[in-house]
Amino acid sequence: MGTFVVKGGHPLKGEITPQGAKNEALQVISAVLLTPKKVTISNIPNILDVMKLIQLLSKMGVAVAKVDESTYTFEAKNVNFDYLKTEDFRKEASSLRGSIMVVGPLLSRFGKGFMPRPGGDKIGRRRLDTHFIGFEKLGAKFNFDANESFFTVEAKELKGAYMLLDEASVTGTANIIMAATLAKGTTTIYNAACEPYVQQLCKMLNRMGAKISGVGSNLLTIEGVSELGGTEHRLLPDMIEIGSFIGLAAMTHSEITIKNVSYPDLGIIPDSFRRLGIKMELRGDDIYIPAQDHYEIDTFIDGSILTIADAPWPGLTPDLLSIFLVVATQAKGSVLIHQKMFESRLFFVDKLIDMGAQIILCDPHRATVIGHDNAIKLRPTVMSSPDIRAGVALLIAALSADGTSVIHNIDQIDRGYQNIDLRLNALGANISRGL
Ligand SMILES: CC(=O)N[C@H]1[C@@H](OP(=O)(O)OP(=O)(O)OC[C@H]2O[C@@H](n3ccc(=O)[nH]c3=O)[C@H](O)[C@@H]2O)O[C@H](CO)[C@@H](O)[C@@H]1O
Ligand SMILES: C=C(OP(=O)(O)O)C(=O)O
């Protein structure tokens with residue numbers, strides 16, 4: 001497990017381009033299993049989780065070729081189901097969350113899918129009921145071997161059905177959409193997740209010959225087709241990385257331009273940062289953040305303390321709440337951070353409290369932050385990254401603190417942020433990588 005040594009306390013300056021979106025990559029790369037034809041995907045980030053999924057597909061028998069630094073072609077002429085029974089498959093597939101999305105394509109194209117319990121951040125219970133109830137509605141038989149933690153689905157033929165999802169699960173919706181594209185008849189998914197990455201998946205599938213309507217809404221209609229063809233697809237910029245850079249700029253008083261953000265796909269994210277008092281300008285498709293010595297948290301209209309809470313899209317993504325929390329520690333005013341979706345994602349605040357932040361962890365879902373208005377800087381410290389987004393929140397804290405901090409377990413950060421040390425060093429940060 002690697003380490004970052006961070007010498008913080010000075011502003012950064014310059015331009016930064018966001019990587020391609022991690023969570024879109026995991027969806028659309030899984031979708032290549034739906035066709036024997038060539039699918040070309042560009043703007044793929046070179047990050048651990050995405051590389052693991054590509055390697056998994058390659059081991060499953062998909063022909064993968066790297067065209068350039070961020071473009072790959074995939075040809076899933078056949079899948080080696082023997083590999084799916086191996087210990088290696090169990091180990092590799094269970095090391096990331098996104099691997100669960102190979103099940104839908106396998107089930108619909110080959111009539112069977114297997115998966116060990118997938119990995120991903122340990123941020124609370126992460127159930128998969130939505131996925132498997134959806135497959136069952138399409139006619140699949142489902143089995144979960146609790147001793148082996150292994151899921152199996154099988155179906156001679158999938159048949160379109162109406163379903164109301166019990167929750168708007170992102171990966172669940174993607175999985176069911178992919179299964180339904182090759183099912184017989186029409187599938188209607190109500191309470192579907194509709195975030196831009198699910199929209200991107202649908203647009204890509206439609207270019208491959210699928211018939212999906214309602215894209216962008218929570219009511220999707222999918223008319224099954226008998227086969228899908230190849231296509232070319234470019235990933236959106238990563239909205240969580242963009243949000244992380246906005247938070248970083250504010251917290252370190254940096255003047256930063258974030259290039260080519262695909263602003264309409266950021267939804268409520270920019271306005272949510274504005275409610276913390278952070279100024280930014282949209283210049284073309286770039287976000288310009290001026291150096292700011294102070295930013296003041298808004299209150300609600302009645303004067304009560306602002307709440308920043310997550311909600312399914314078009315609400316605020318839960319993946320940015322750790323960033324909002326750390327940024328608030330140096331704001332003027334107070335905010336309640338309410339992480340509704342995950343129950344173990346706020347415990348990292350202990351580290352921020354060690355660094356001098358004023359935070360009350362009310363319960364596992366809620367933390368009240370009383371900002372220092374930059375009157376007291378955070379103190380450098382030694383810490384460990386518990387999950388991908390808390391890891392980046394701690395990195396932002398370390399960059400704002402005068403002196404040297406050490407962050408252990410940075411594999412968690414590398415899971416989702418490409419060369420973050422080098423890219424921030426290009427803006428004037430001082431981050432070095434140790435063993
Ligand atoms: C690989 C990938 O794409 N991971 C993302 C995906 O995970 P993933 O698809 O695993 O997350 P889900 O959308 O299934 O659910 C996330 C959590 O929110 C809860 N929940 C979800 C929907 C809802 O209406 N109510 C509710 O309470 C779930 O019970 C679960 O605890 O979406 C999450 C929610 O945006 C993000 O944090 C993850 O980064
Ligand atoms: C929770 C996240 O990822 P995963 O679902 O892959 O664990 C995330 O990207 O913030």
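Modeller: Before we begin, note that the bounds of domains are taken from an automatic or database domain assignment. Residues are numbered from 1 along each chain as its sequence is written, while chains are lettered from A and ligands numbered from 1 in the order in which they are written. This is a predicted model, in which local features need pLDDT of at least 70 and side-chain atom pairs count only at pLDDT 80 or more, whereas totals for chains, interfaces and linings use all residues.

Biologist: How far apart do the C-alpha centres of domain 1 and domain 2 lie?

Modeller: The assignment gives domain 1 as 3-19 + 237-434 and domain 2 as 22-234. Between the C-alpha centres of these two domains the distance is 31 Å.

Biologist: How many residues of domain 2 are in contact with domain 1?

Modeller: Two residues are in contact if their C-beta atoms, placed from the backbone, lie within 7 Å. On the side of domain 1, 17 residues take part, and on the side of domain 2 the number is 16.

Biologist: How many residues on the side of domain 1 that touches domain 2 are charged?

Modeller: For classes, Ala, Val, Leu, Ile, Met, Phe, Trp, Tyr, Cys and Pro count as nonpolar, Asp, Glu, Lys and Arg as charged, and the others, Gly among them, as polar. That side of domain 1 has five nonpolar and four polar residues, and its charged residues number eight.

Biologist: Which element gives the most to the shell around ligand 1?

Modeller: A residue is near a molecule or strand if its C-beta atom, placed from the backbone, lies within 6 Å of it. Ligand 1 is surrounded by 18 residues, with Asn23, Ser169, Val170, Thr171 and Met341 the closest. Helices (H or I, at least four residues) and strands (E, at least two) are DSSP runs, numbered from the N terminus. At least two residues come from each of α1 (22-31) and α6 (170-181), and the element that gives the most, with three residues, is α6.

Biologist: How many residues in the shell around ligand 1 are charged?

Modeller: Domain 1 and domain 2 each supply at least three residues of this shell. By class, seven of the shell residues are nonpolar and seven are polar, while the charged ones number four.

Biologist: Why does ligand 2 lie between the domains?

Modeller: The residues around ligand 2 include Lys22, Asn23, Asp49 and Arg97, and also Asp319, Ile388 and Arg389. Two or more residues of this shell come from each of α1 and α12 (388-400). Ligand 2 lies between the domains because its shell receives residues from both domain 1 and domain 2.

Biologist: How many charged residues does the shell around ligand 2 have?

Modeller: The shell around ligand 2 contains one nonpolar residue and four polar residues. Its charged residues number six.

Biologist: Which strands stand at the edges of the sheet β4-β5-β3-β13?

Modeller: Two strands pair if DSSP finds at least two bridges between them. This open sheet of four strands has mixed pairing, and inside it β3 (38-42) and β5 (71-75) pair in the antiparallel sense over four bridges. Each edge strand has a single partner, so one side of each is left without a neighbour in the sheet; the edge strands are β4 and β13.

Biologist: What is the average twist from one strand to the next in the sheet β9-β10-β12-β11?

Modeller: In this open, mixed sheet of four strands, five bridges join β10 (186-190) to the antiparallel β12 (219-223). Axes are lines fitted to C-alpha atoms, for helices over the stretch in contact, and angles run from 0 to 180 degrees between N-to-C directions. From one strand to the next, the twist averages 15°.

Biologist: Which residue is joined to Trp313 by a cis peptide bond?

Modeller: The omega of this cis bond is about 15°. The partner of Trp313 lies in the loop between β17 (306-309) and α10 (321-328), and it is Pro314.

Biologist: What is the phi of His253?

Modeller: His253 lies in the loop between α8 (239-251) and β14 (255-258). Although His253 is not a glycine, its phi is positive, at about 55°.
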